[in-house]
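Hi everyone, thanks for making the time. I'd like to walk you through one structure today, strand by strand and pair by pair, so please have the picture open in front of you.

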Amino acid sequence: MLKTLMISAAVSALMVSGALAQADKPADSAKFIAAQSTDQWVFSKFKGTDVLGPDNAHIGNVNDMLFDKHGKILGLIVGVGGFLGIGEKNVAIDMSAFDVVPADSGGNHTYKAPAGDANDPSNVKLKVAWTKDQLRDAPDFQYYNPPARTASTPSPTTTGSAPRPTSPATPRPQTQ
């Protein structure tokens with residue numbers, strides 16, 4: 001009887017440990033990406049990428065990315081003109097307007113990749129059909145600024161403190 005009890009306990013332990021091992025995995029592993037492939041870029045390396053015009057002349061750099069609440073990339077924000085960021089204008093350009101070209105394609109090299117990055121898939125430049133002058137005439141991209149709150153009197157919840165008295169209280173005469 002003891003032998004049967006021990007075998008039953010061992011089999012139960014094996015079954016439970018197998019079930020617990022499977023329970024450690026996330027329910028929906030399709031939401032995770034294990035690694036970057038050669039046809040994907042990460043924005044940390046993409047920011048600052050040279051943007052070339054139709055004649056391979058350098059016309060700007062990628063400053064930012066615009067995407068919607070579903071994660072779809074709508075466009076890239078390119079800094080055009082100026083010198084060292086002074087006088088630069090941001091122009092948002094739809095993703096479909098960019099062609100990816102090898103990093104050794106024309107333009108002034110503002111970023112020199114380390115020698116070992118020749119095979120890095122993110123070592124690219126972007127090309128558009130517009131010249132620098134045409135992009136200077138394009139609408140200036142405006143970042144969203146939420147409207148300022150308008151409250152007639154500050155409340156303790158919005159300022160973090162209670163209202164203070166405007167003048168000290170006048171002492172009352174003592175009565176005897």
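Let me begin with a glycine. G48 is partly exposed, with a relative accessible area of 26%. You'll find G48 in the loop between α2, residues 43–46, and β1, residues 50–52. Now look across to N61: these two residues are 13 apart along the chain, yet their C-alpha atoms are separated by 5.1 Å. Please keep in mind that this is a predicted model.

Next, the strands. Follow β2 into β3 and you'll see that the two run antiparallel, joined by seven bridges. One pair to pick out on screen is L66 with its bridge partner in β3, G75. The hairpin of β2 and β3 has five residues between the strands, and there G71 takes a positive phi near 90°.

On the next pairing, β3 and β4 are also antiparallel, and they pair over six bridges. Here L76 stands opposite I93 in β4. So how buried is β3? Six of its eight residues are buried, so β3 is largely enclosed by the rest of the structure.

That brings us to the inside. Which residues have the most contacts within the largest nonpolar core? They are V51, I93, F98 and L126, in a core of 15 residues. At least two residues of this core come from each of β2 (58–67), β3 (73–80), β4 (89–94) and β6 (124–127). The largest share is from β3, which supplies three residues.

If you'd like one core residue to click on, try I93. Setting aside residues up to four places away in sequence, I93 touches L74, G75, L76, V78, F98, V128, W130 and L135.

Now for the charges. Side chains of opposite charge can pair when their charged atoms come close. How many salt bridges are there in this model? The count comes to two.

One of them is K125 with D50, where the closest N and O atoms are 3.6 Å apart. K125 lies in strand β6 and D50 in strand β1, so this pair ties together parts that are 75 residues apart in sequence. Are these two buried or exposed? Both K125 and D50 are buried.

The other salt bridge joins D133 and R136, with the closest N and O atoms 3.1 Å apart. These residues are three apart in helix α3, residues 132–136, so about one helical turn separates them. R136 is partly exposed, with a relative accessible area of 41%.

I've saved K89 for last. This lysine sits in strand β4. K89 is buried, yet it has no salt bridge. Where is the nearest side chain of opposite charge to K89? That is D140, 5.8 Å away, while a salt bridge needs the nitrogen and the carboxyl oxygen within 4 Å. What the side chain of K89 does reach is the backbone oxygen of A138, at 2.3 Å.

Have a look at the surroundings of K89 too. Leaving out its neighbours within four places in sequence, K89 is in contact with V78, G79, V80, L135, R136, D137, A138, P139 and D140. R136 is familiar from a moment ago, as the salt-bridge partner of D133.

That's my tour. Thanks for listening, and I'm happy to go back to any of these spots on the screen.

Terms used
Residues are numbered from 1 along each chain as its sequence is written. This is a predicted model: local features need pLDDT of at least 70, side-chain atom pairs count only at pLDDT 80 or more; totals for chains, interfaces and linings use all residues. Side-chain values use heavy atoms; hydrogens and water are left out. A nonpolar core is a set of buried Ala, Val, Leu, Ile, Met, Phe, Trp, Tyr and Cys residues joined through side-chain atoms within 4.5 Å. Buried means under 20% relative accessible area, exposed over 50%, partly exposed in between (1.4 Å probe, protein chains only). Helices (H or I, at least four residues) and strands (E, at least two) are DSSP runs, numbered from the N terminus. Contact means heavy atoms within 4.5 Å. Lys and Arg count as positive and Asp and Glu as negative; His and the chain ends are not counted. A polar contact is a pair of N or O atoms within 3.5 Å; within protein, one must be able to donate a hydrogen and the other to accept it, and residues adjacent in sequence count only if both atoms are side-chain atoms. Two strands pair if DSSP finds at least two bridges between them.
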